[in-house]
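These are my notebook entries on a structure that I had not examined before. I set down each look-up in turn.

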Amino acid sequence: MSVTGGRIQQAGGASSASHTERKHASMNSQPRNGHEQHANGCNHQGPNQEHRSQRVDGSRTKALPTPIPDPPILYTKLFINNDWHESCSGRKIPVYNPTTGELLCEVEAADSEDVDEAVRSARAAFQTGSPWRSMDASDRGRLLNRLADLVERDQLLLATLEALDCGKVFLMAYFVDLMATIKTLRYYGGWADKIHGKTIPVDGEYFTYTRHEPIGVCGQIIPWNFPVMMFVWKIAPALCCGNTVVIKPAEQTPLSALYMAALIKEAGFPPGVVNVVPGYGETAGCAISHHMDIDKVAFTGSTDVGKLIQKAAGESNLKRVTLELGGKNPNIVFADCDLEYAVEQAHSGLFFNQGQCCLAGSRVFVEEPVYEEFVRRSVERAKSKVLGNPLLPGVDQGPQIDQKQFDKIMKLIESGKREGATLECGGSMWGQQGLFIQPTVFSNVTDDMLIAKEEIFGPVQQIMCFHSISEVIQRANATHYGLAAGVFTNDINKALTVSSALQAGVVWVNCYNAMSAQCPFGGFKMSGNGRELGKYALQEYTEVKAVTIKISQKNS
Amino acid sequence: THPPLFIFINNEWQDSVSGKVFPVYNPATGEQICEVQEADKADVDKAVQAARLAFSLGSVWRRMDASERGRLLSKLADLVERDSVYLATIESLDSGKPFLPTLFVDLQGTIKTLRYFAGYADKIHGTSIPMDGEYLTFTRYEPIGVCGQIIPWNFPLMMTAWKLGPALACGNTVVLKPAEQTPLTCLYIAALIKEAGFPPGVINILPGFGPTAGAAIASHMGIDKVAFTGSTEVGKLIQEAAGKSNLKRVTLELGGKNPNIIFADADLDLAVEQAHQGVFFNAGQCCTAGSRIYVEEPIYDEFVRRSVERAKRRIVGSPFDPTTEQGPQISCEQQNRVLEFIQSGISEGAKLECGGKALGLKGFFIEPTVFSNVRDDMRIAREEIFGPVQQIMKFKTIEEVIERANNSDYGLVAAVFTNDINKAMTISTAMQAGTVWINCFNALSTQCPFGGYKMSGNGRELGENGLKEYSEVKTITMKMVAKNS
């Protein structure tokens, strides 16, 4: 495995469709004219470049953005009512750089009392007659658009913070996470004044209409794998619909969320509309999910914790719950597909973001005639990955987020070996120290192995063999999860049959990780509850009120 | 002197093929402002060719992400906002609108409309459909193609945005003809369109006259849709031309003779002021003008008294004087037409309460005019005057006023003033009008659909409904091997 060298891939790719610079940021790869990439949308997949055609020679590297050296960390306090606060307890969270293990800074740790304070401020901002409640919907949209402009202005700094704080490859953070962040804000900026109720031809001498009203104070708890993007996936639809927010970033990665808080204030959101309370799950997260004055909680994270959240909502005030949880996502590769392309998509579909994606295509089912060749090429591709400091150009895999995750992944790799899967490459830590794991590929994986059942959340690819379409549908669905799925085939009937049959909230046909702000995203079964993004997310942040008026005489 | 302004085709400034130019006047003084290249059929052909090319499969415009179309519209809105004082100035100069209302109403309306449709670009959803049989069906909302758009002189900028916003959000290309009286702000928008980064050929602006350039658009075989705002008379010609040529889709936003119904229980101060603004706004040159005011008998005399008092206080003068409420009519021709209507009102026996004459200023001014004791059969009660002339009628019962209000070929807007919820609901249900305002008037916004019943038009502009008029629905049905729910 090469560990040095200048292999720089420009994310998203300069396809002929890239008529504006913004296009370079688009991560979605769609096969067109062979392997040419058509940039599309606000996607967080990014890894799916067609590598050979996307390599950028030395002369072009100058055009790529570079991280800000030693970026200032300006915001480390709780953000409540548009002001910075110390925590009531005085406790702090140490924030580390997972690449080096160094302490980056300490951040105020919110606990129950701080959540109370944040909820009070969010509740006050939500009072009828408040500036936020009496604002035109189009002005809410303007504020979201302004926030998008500010994120765009500070894109380099935010991408640098993100790479430092969670070990993301800088260019990916810049082109995938930040572009998706900006596009999501703009997308929901556009929805604010388009959330339509209906008038209804009700029986009897009545006139009925519906209003889609904001739910109220929304608690939002987000994970460490896409800190700034998750922040925006949560706040954008909530604010678009007119809610107020108390949001808890993950304790590992609070920096970009706190920076966003400053931008929220700068954009001109009224005090109390967004409150950012970094803290731990067992304390601040627990306080949010149990809070009697929070009307809705949205959580992205593990299925284990998702269950606790739903339980807490039931125990407390029956707050509305949306959950976006884990996945063990099948990626089905038929023999008739474009193999080289499928290998690349399956590779990036799993290894993107160090494998730390709920969407990771971690069960790759390959049809028997092409199985051996698929494994061979996948191994070759995995071996070509460049590990190292994610701030450096040429690196395409950074560290795992923390020791706990590192240990869990290593344990699952060990279980794979023990249960008889063939370790094709990787399988150990990388380097002398730190949280790096070699890109790992297992073949001859059977469905009953732990590595085929549990979410690994690391750079570990499982490749299984299948013989028939009915068999692979049955096996792909034999899981409690149901987040995403992929299918690679040029046969329209196979594509339609598999996409209909899979129990998953998202099915990609001849692509993987093709996410965009316009498309709903969420899980079947234990991968979650409700949908984020697209128009569908709006219904998760609104209460419908039916207003019926007695009239003296009805006419059609 | 200023050289003639050009035609905007393919993101380039071009002379007219004929070499002809036409003068543009300041209606407040009658003086010529400048000359503009005059588009005719040959120029329309060139523009359609450019628009067709920009719309061809594989073009930059067709392959662009919908969200990127939205960004371009959003950028255009930012540029209009940046230059709004300049644009409002030119608009005032060219159309005689008072500057401040132009800045606050027209420019805001323009900017908000562009932003609104910018937001819609990537939210125009088709559906997937559970069709019978072993099939999968979904719909795509595709742009129609090259859209001809013909706009009037009463709100030149805002009409430009009303037309461009939905057409571009949906991905069409456009050949737009501003009114010959008021091409200046529209041409400036052309420059901003180029600056915003729209690809060449997506928007083409062709100043010209109705019988030449307008007729060429309406009967063009290479134009897929025509949208027109203007008089009912011309609207009929447009629809006829579409039928005679290529059955292009037609949307029309035409005239109105809009009833404004005031019940005795209404807040009288509010109703008088709203009724006043509702007819006199923009010197009465609005298709939405509330030009038939039906007042319930018990308050009729008081309503007339206060309306006259209010009309007499209306300040008519230079559009650039900040105290001015009313500028000139757009042209000498319009001024004469309005004065002729006033004469007909007098000769048919309506009572002229105030006004009625041209103002002795340079330019095309008319005194704010109020008629009482107007009967429904008078010309001033039936025809669209498009000037500062208020007709006030009396009614006794709700059934009677509904019948009289609807007794018109027009059906654009209507209003009712009452604090009784039952009256409000009954009237708003019964009115044959595309928009009904309750205790307000002219409460237009980009979020709400707007358009006419009957001979006030065809189709709707603004709101989500506006998108439908700029999309073709394509149903795609795929045979499946085995269906499952």
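Which side chain does the side chain of Q285(B) join in a polar contact? I looked this up in what is a predicted model. The partner is Q329(B), and the polar contact between the two side chains spans 3.4 Å.

**Entry: the setting of Q285(B)**

I next placed the residue in its chain. Q285(B) belongs to the loop that runs between α10 (268-280) and β13 (292-296) of chain B. I then asked whether Q285(B) is buried or exposed. Its relative accessible area is 3%, and because the cut-off for a buried residue is under 20%, Q285(B) counts as buried. I also listed its contacts, leaving aside neighbours within four places in sequence. Q285(B) touches W153(B), N154(B) and F155(B), then P328(B), Q329(B) and I330(B), and also F386(B). Q329(B) thus appears in my notes twice, as a contact of Q285(B) and as its partner in the polar contact.

**Entry: where chain B meets chain A**

I turned to the interface. On the side of chain B, 30 residues are in contact with 36 residues of chain A. The size of an interface is often given as the accessible area lost when the parts come together. For chain B and chain A I noted about 2700 Å² buried between them, with 51% of it on carbon and sulfur atoms.

How many salt bridges are counted between chain B and chain A? The count is one. I traced it to the side chains of E81(B) and R142(A), at 4.0 Å from N to O. I also recorded six residue pairs in polar contact across this interface, both residues of each pair being at pLDDT 80 or more.

I then looked up which elements of chain B face chain A. Those giving two or more residues are α2 (60-63), α3 (66-82), α5 (99-120), α15 (421-430) and β20 (471-479). Of these, α3(B) gives the most, with six residues. By type, the residues on this side of chain B divide into 10 nonpolar, seven polar and 13 charged.

**Entry: chain A as a whole**

I closed with chain A. Chain A contains 18 helices and 22 strands. Of its 556 residues, 62% are buried. Among contacts in chain A between residues at least 6 apart in sequence, 74% join residues at least 24 apart.

I checked the confidence as well. The mean pLDDT of chain A is 90, and 89% of its residues reach 70 or more. Over residues 1-61 of chain A, however, pLDDT stays under 50. For that stretch the model has 181 contacts beyond four places in sequence.

Technical notes:
Residues numbered from 1 in each chain as written. Chains lettered and ligands numbered in written order. Heavy atoms only, no water. Helix = DSSP H or I, 4+ residues; strand = E, 2+ residues; numbered from the N terminus. Buried < 20%, exposed > 50% of the residue type's maximum accessible area, 1.4 Å probe, protein only. Polar contact = N/O pair within 3.5 Å; in protein donor to acceptor, adjacent residues only side chain to side chain. Contact = heavy atoms within 4.5 Å. pLDDT = per-residue confidence, 0-100. Buried area = accessible area lost by both parts, 1.4 Å probe. Nonpolar A, V, L, I, M, F, W, Y, C, P; charged D, E, K, R; others polar.
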